[in-house]
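Walk me through this structure, please. Begin with the contacts to the DNA, then turn to the aromatic rings.

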Protein chains: 2
Amino acid sequence: MNQPQQQETRAPVNHRILVVEDEGEIRQLIRYNLEREGFTVEEAADGAAALARIRRRAPDLIVLDLMLPGMPGLELCRQVRADPEIASLPILVVTARGSEVDRVIGLEMGADDYVVKPFSPRELVARVRALLRRAGHATEPTSDGLYERGRLRIDFDTYQVWVEGERKALALREFELLRFFVQHPMRVYTREQLLDMVWGRDTFVEPRTVDVHVRRLRQHIERDDANPRLILTVRSVGYRFDPSALD
Amino acid sequence: MNQPQQQETRAPVNHRILVVEDEGEIRQLIRYNLEREGFTVEEAADGAAALARIRRRAPDLIVLDLMLPGMPGLELCRQVRADPEIASLPILVVTARGSEVDRVIGLEMGADDYVVKPFSPRELVARVRALLRRAGHATEPTSDGLYERGRLRIDFDTYQVWVEGERKALALREFELLRFFVQHPMRVYTREQLLDMVWGRDTFVEPRTVDVHVRRLRQHIERDDANPRLILTVRSVGYRFDPSALD
DNA sequence: CCGCTTAGTAACATTTCCGTAACAAAACTT
DNA sequence: AAGTTTTGTTACGGAAATGTTACTAAGCGG
């Protein structure tokens with residue numbers, strides 16, 4: 001079933017990566033590993049400096065530590081997303097393990113992916129690569145609080161959902177799952193990927209549990225629960241959200 | 001393999017795990033818990049032995065205690081990473097609590113994850129699973145992209161295929177086979193090669209099964225199923241994909 | 001035209017996968 | 001503490017995918 005992985009070639013283009021991190025030691029480490037892979041690394045010690053630098057010349061990707069002094073990392077995240085000029089910049093968040101809040105909020109603020117500390121350099125590099133690769137395919141930047149399309153309406157700030165004008169009471173997980181789907185439309189995700197992104201990378205839940213939540217979500221948002229149009233099953237792969245069915 | 005209802009334990013493949021740990025007691029504990037979950041466990045008492053064993057036959061994952069006599073755990077870790085043959089082996093570190101140490105582990109040596117002593121068996125197993133899971137699709141879930149030529153259109157992200165604008169529902173194998181053909185045009189492949197590349201090297205399937213899948217694929221994408229133009233039979237050799245017939 | 005080899009096809013058997021409901025456990029409320 | 005909601009796990013059954021095989025058709029060399 002698994003195709004033999006091809007050996008990844010070194011970074012073909014010299015991508016510029018901005019590392020926003022106050023602890024010098026970790027910054028060094030990140031820099032070392034990224035440079036070894038052929039990336040060009042710039043540094044910023046805090047959010048304000050980072051923002052200035054970005055405005056002067058935008059990098060290809062930002063690696064952002066969430067525990068920043070002064071401007072909390074999230075604020076930087078939000079500001080980047082708020083500025084149309086740079087809103088599509090991929091952001092990789094570095095966060096401490098187990099801080100559920102950071103993860104959820106990070107993704108909520110519009111971070112594109114995250115790694116937990118202490119992280120393995122390999123994983124960091126892999127995720128940077130993955131983000132750069134799909135940088136073109138921008139996901140819908142839903143950092144502002146409202147999503148509205150066809151018969152679906154979501155307020156991310158107040159955690160409210162309406163279907164055909166009718167208010168639905170979603171449980172938190174259902175809501176987070178919906179959020180993820182809405183922000184990553186069309187592409188197929190495996191159960192494992194969904195667990196990583198919605199539940200968190202270091203929680204351990206059975207993959208089939210995803211099915212159950214998908215079902216519950218479908219019951220809320222699908223017109224005909226027996227023939228799903230929005231959350232589609234891709235057999236032996238995973239699930240896919242197709243917003244075009246909303247119109 | 002065909003018992004009516006066997007308790008399904010998660011472990012489709014019997015992963016081999018090397019435990020590097022000098023304290024016999026802890027080693028036993030780790031072994032017991034991993035084996036109970038269906039893993040095959042091998043042991044090594046110190047870094048040198050471990051390295052020899054790995055070179056002889058690489059396991060799927062290493063569980064490494066940091067306080068090893070002789071070669072410090074760090075050194076083993078480094079050596080593994082230095083050898084391209086085995087550099088991609090996932091390493092799970094077991095360590096005593098201590099903030100300083102933790103950081104060094106995660107950051108400097110390229111372990112992939114860690115647990116602190118005393119650890120709960122459940123957590124250990126969970127982290128082992130998570131690492132193995134990620135090692136599987138190490139690079140990225142799918143090769144990004146869109147293929148479009150003549151009357152054929154393939155979206156590799158969403159696993160969708162259109163022929164003459166009409167959506168076709170391919171099964172996964174059919175899709176993977178098509179993917180392979182599209183990515184390796186013109187050249188002839190034997191059934192055995194196709195099995196290796198599409199099914200995977202360690203699956204054991206009758207070569208003639210390829211015929212059946214080729215047929216099913218043809219039914220989807222060929223204009224005249226009786227006179228194939230795209231997937232051509234090369235008698236007594238194999239099959240060949242000719243995209244020029246698409247125009 | 002014959003005989004041999006190889007590929008195409010359909011039918012069948014087996015396996016895998018998913019939707020679902022029911023239950024259990026955990027988290028919250030009151 | 002009892003009740004309520006949310007969340008995760010599991011077993012079951014049906015459906016789809018996959019693999020095997022037997023039979024048929026086609027190619028090919030004489």
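A backbone N or O atom of A:Ser236 lies 2.7 Å from a phosphate oxygen of DNA strand C. That is a polar contact, meaning a pair of N or O atoms within 3.5 Å; within protein, one must be able to donate a hydrogen and the other to accept it, and residues adjacent in sequence count only if both atoms are side-chain atoms. A:Arg218 approaches a phosphate oxygen of strand C too, with a polar side-chain atom at 3.2 Å. A:Arg208 instead addresses a base: a polar atom of its side chain is 2.9 Å from a base nitrogen of DNA strand C. Two elements of each chain give two or more residues to the surface near this strand: α8 (208-221) and β11 (231-234) of chain A, and α8 (208-221) and β11 (231-234) of chain B. Here helices (H or I, at least four residues) and strands (E, at least two) are DSSP runs, numbered from the N terminus.

This is a predicted model: local features need pLDDT of at least 70, side-chain atom pairs count only at pLDDT 80 or more, and totals for chains, interfaces and linings use all residues. Residues are numbered from 1 along each chain as its sequence is written, chains are lettered from A and ligands numbered from 1 in the order in which they are written, and side-chain values use heavy atoms, with hydrogens and water left out.

In total, 25 residues surround DNA strand C, the closest being A:Thr233, A:Ser236, A:Tyr239, B:Thr233 and B:Tyr239. A residue is near a strand if one of its heavy atoms lies within 4 Å of it. Of the atoms of strand C within 4 Å of the protein, 66% belong to sugar or phosphate; the rest belong to bases. The surrounding surface has eight nonpolar, five polar and 12 charged residues. In this scheme Ala, Val, Leu, Ile, Met, Phe, Trp, Tyr, Cys and Pro are nonpolar, Asp, Glu, Lys and Arg are charged, and the others, Gly among them, are polar.

DNA strand D is surrounded by 25 residues, and the closest are A:Ala171, A:Arg216, B:Ala171, B:Arg173 and B:Glu206. Sugar and phosphate make up 63% of the strand D atoms that come within 4 Å of the protein. A side-chain N or O atom of B:Thr209 is 2.8 Å from a phosphate oxygen of this strand. A:His213 places a polar side-chain atom 3.0 Å from a phosphate oxygen of strand D. The largest share of the surface near strand D, five residues, comes from α8(A). By class, that surface divides into 10 nonpolar, six polar and nine charged residues.

Now the rings. Rings of Phe, Tyr and Trp (its six-membered ring) pair if their centres lie within 6.5 Å; planes under 30 degrees apart count as stacked, over 60 as edge-to-face and the rest as tilted. By this rule there are 10 aromatic pairs over all chains. A:Phe181 and A:Phe241 are stacked, at 6.2 Å centre to centre and 25° between the planes. A:Phe181 lies in helix α6 (residues 172-183) of chain A and A:Phe241 in strand β12 (residues 238-241) of chain A, so the pair ties together parts 60 residues apart in sequence. A:Phe181 is buried at 0% relative accessible area, where buried means under 20%, exposed over 50% and partly exposed in between (1.4 Å probe, protein chains only). A:Phe241 is buried at 0% as well.
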